[in-house]
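User: Hi, I'm new to reading protein models. Could you take me through this one and explain the terms as we go?

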Amino acid sequence: MQPTISGHDQADGARHANANRPVRVIAVTSGKGGVGKTNVSVNLSVALARGGERVVLMDADLGLGNVDVLLGLQSRGNLSHVLSGEATLDEIMLEGPEGIGILPAASGVASMAGLTAAENAGLISAFSGMRWPVDTLVVDSAAGIADSVVRFAEAANEVVVVVCDEPASITDAYAVIKVLSREHDVTRFHVVANMVRDAAEGRRLFEKLSVAAKRFLDVTLTHMGSVPFDDYLRRAVQRQKTVVQLYGGAKSTRAFTAMADKVNQWPVPRGPQGQLQFFVERLVNNAELDPENLL
């Protein structure tokens with residue numbers, strides 16, 4: 001299995017310096033499935049790449065990953081092969097729209113859905129040797145509060161919570177924020193209101209979540225943006241493309257572009273906190289803190 005890095009200069013020495021280059025790590029999660037979390041992750045990644053960022057999108061929904069399917073890509077391997085030592089991250093990397101790198105998860109592999117902390121740590125430690133250049137790592141985690149979701153979120157620089165306007169989604173999004181804040185010291189969250197009629201409805205949805213969080217939790221919530229119902233988005237999904245690629249004038253494309261602009265205004269962590277190696281070490285350390293999950 002050989003890495004495919006078309007569109008990039010393979011002689012670029014910077015590719016070997018990921019551990020020392022400032023990297024923004026964004027974990028995207030949701031309280032429940034079915035709220036469009038992966039679509040947000042994919043389109044945000046493409047919008048960031050269009051703005052000049054070198055983006056790697058990691059499908060961290062271990063066991064039920066579908067980023068490669070959403071984009072119509074054929075994976076040569078997945079994270080289970082990295083976990084077993086059969087391949088490196090560069091060898092399973094796919095090149096997606098606008099040159100983003102995609103790390104596919106192990107869809108349908110039951111054992112990947114229940115990794116021990118030690119196995120998770122071993123999987124992520126492979127990032128320290130990754131050669132693919134990256135400015136922003138977007139981690140599309142699973143929904144809910146599974147152990148792997150928590151570790152990715154607490155190790156990331158920024159956490160994005162995707163919510164739609166239905167009671168279960170709002171309640172479960174609040175539960176995720178509560179667990180991450182009270183038990184794992186995550187205090188800053190960016191909220192994306194998805195599948196809303198317009199920006200006003202998105203703002204109202206954000207306020208519903210924000211009022212409860214401010215009342216009961218010591219956290220900061222920011223409204224990252226609203227993604228409207230959009231027939232062009234549905235068409236793009238059917239064609240296994242991103243709406244950002246296909247329909248530049250679509251309302252949803254404008255929403256994702258605006259969110260990417262906001263991300264670019266977030267401060268890039270400097271010093272050790274801004275290095276990919278720091279993200280890796282935090283994941284490893286978080287795993288070691290939970291001895292019941294160690295092999």
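**Confidence, a helix and a pocket**

Analyst: Sure, starting with confidence: pLDDT, the predictor's confidence in each residue from 0 to 100, stays under 50 over residues 1-17. For that stretch the model has 34 contacts (heavy atoms within 4.5 Å) beyond four places in sequence. Over residues 291-295 the pLDDT is also below 50. This is a predicted model, where local features need pLDDT of at least 70 and side-chain atom pairs 80 or more, while totals for chains, interfaces and linings use all residues. Residues are numbered from 1 along each chain as its sequence is written, and side-chain values use heavy atoms, leaving out hydrogens and water.

User: What is the mean pLDDT of the protein?

Analyst: The mean is 84, and 79% of the residues reach 70 or more.

User: Why does the span of α7 agree with what a helix should have?

Analyst: Helices are DSSP runs of H or I with at least four residues, numbered from the N terminus. The expected span is 1.5 Å times one less than the number of residues, so the 18 residues of α7 (167-184) should span 26 Å, and the end C-alpha atoms are 25 Å apart, which agrees.

User: What makes Ile170 in α7 buried?

Analyst: Buried means under 20% relative accessible area with a 1.4 Å probe, protein chains only, and Ile170 is among the residues of α7 that qualify, including Ala173 and Tyr174. The buried residues of α7 pack against elements including β1 and α8.

User: Which residue follows α7?

Analyst: Asp185, and its phi is positive, near 60°.

Definitions and conventions:
Helices (H or I, at least four residues) and strands (E, at least two) are DSSP runs, numbered from the N terminus. Buried means under 20% relative accessible area, exposed over 50%, partly exposed in between (1.4 Å probe, protein chains only).
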